[in-house]
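User: I would like to go through the backbone geometry and the charged side chains of a model. Please keep the answers short and reasoned.

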Amino acid sequence: MTRLVFLGPPGAGKGTQAKQFSVLCAVPHISTGDILRSAVSQGTELGKKAQLYMNAGELVPDVLILDLIRERLSSPDVSPGWLLDGFPRNVEQAIFLDTLLEEIGQPFECVVNLDVPDEVLVSRLVQRGLDEGRADDTEGTIRNRLEVYRQRTEPLIDFYRSRQQLVSIDGNQPIEVVTAELNKIVS
Ligand code: ADP
């Protein structure tokens, strides 16, 4: 049973690692960012509401995210496990997740924190903006996302560390080295 939460600043490589690892472990990769981007491109109600926040580099309000996570983690395909990427992103979401996982009897193994210095993050995100044309990978928005990360998401490192649930990996290494370290931790 593999259930992991990926934590880290924007550009740390959570999505890259979670995507690969989900294939390896044959469990769904649940990315709130991917879910929201697909809602935006399909023009759903959720997408319309989320788009402004995303493009500004702000967190989408919890009221739009929490039900979505509850539904996703209640789907039949998560019975072999899951990799959560992009959630929780603030303390309220982390507390919600605790309650939800207890309710549905799906405790996670650990929280994997990917550590990457700021200057590396910015250059990765600028590059991704050029490669993938993501609307939130522009310089002003990137700066705000890092700021929002520091204020809202980074406190989760201590939150999980104090409960001995945190494992940190140096994310400033080649992708396959990070994957290998991840493999060691989980196996
Ligand atoms: P990154 O980790 O590179 O910032 P994501 O794809 O995880 O990118 O998220 C992109 C955007 O989607 C975020 O900047 C935010 O606006 C929104 N978002 C994703 N997950 C959440 C969440 N759990 N709570 C609030 N907003 C979220």
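Analyst: A salt bridge here is a side-chain nitrogen of Lys or Arg within 4 Å of a carboxyl oxygen of Asp or Glu. The model is predicted.

User: How far apart are N and O in the salt bridge of Asp 137 and Arg 134?

Analyst: The pair counts because the cut-off is a nitrogen within 4 Å of a carboxyl oxygen. Asp 137 and Arg 134 are both buried. Their side chains meet in a salt bridge with an N to O distance of 3.8 Å.

User: Is Asp 137 buried or exposed, and at what relative accessibility?

Analyst: Buried means under 20% relative accessible area. Asp 137 therefore falls in the buried class, at a relative accessibility of 5%.

User: Which residue forms a salt bridge with Asp 137 with the closest N and O atoms 2.7 Å apart, and counts as buried at 11% relative accessibility?

Analyst: Side chains of opposite charge can pair when their charged atoms come close. Asp 137 also meets Arg 128 in a salt bridge at 2.7 Å, N to O, but Arg 128 is partly exposed, with a relative accessible area of 23%. The residue that counts as buried at 11% relative accessibility is Arg 145, and the closest N and O atoms of its salt bridge with Asp 137 are 2.7 Å apart, so the residue asked for is Arg 145.

User: Which residues do salt bridges that share partners join into one network?

Analyst: Asp 137 forms a salt bridge with Arg 145. Through shared partners, the salt bridges join into one network Arg 128, Arg 134, Asp 136, Asp 137 and Arg 145.

User: How many salt bridges does the structure hold?

Analyst: The bridge between Arg 128 and Asp 137 is one example. For the structure, the number of salt bridges is 13.

User: Turning to the backbone, which residues does a cis peptide bond join?

Analyst: Omega is about 0° at this bond. Pro 88 lies in the loop between β3 (81-85) and α5 (91-104). The cis peptide bond joins Phe 87 and Pro 88.

User: What is the phi of Ala 26?

Analyst: Ala 26 sits in the loop between α1 (14-25) and β2 (29-31). Its relative accessibility is 57%, so Ala 26 counts as exposed. Ala 26 is not a glycine, yet its phi is positive, about 55°.

User: Where is Gln 164 found, and is Gln 164 buried or exposed?

Analyst: Gln 164, a residue other than glycine, has a positive phi near 55°. Gln 164 is in the loop between α8 (155-161) and β5 (166-170). Exposed means over 50% relative accessible area, so at 72% relative accessibility Gln 164 counts as exposed.

Notes:
Residues are numbered from 1 along each chain as its sequence is written. This is a predicted model: local features need pLDDT of at least 70, side-chain atom pairs count only at pLDDT 80 or more; totals for chains, interfaces and linings use all residues. Side-chain values use heavy atoms; hydrogens and water are left out. Helices (H or I, at least four residues) and strands (E, at least two) are DSSP runs, numbered from the N terminus. Buried means under 20% relative accessible area, exposed over 50%, partly exposed in between (1.4 Å probe, protein chains only).
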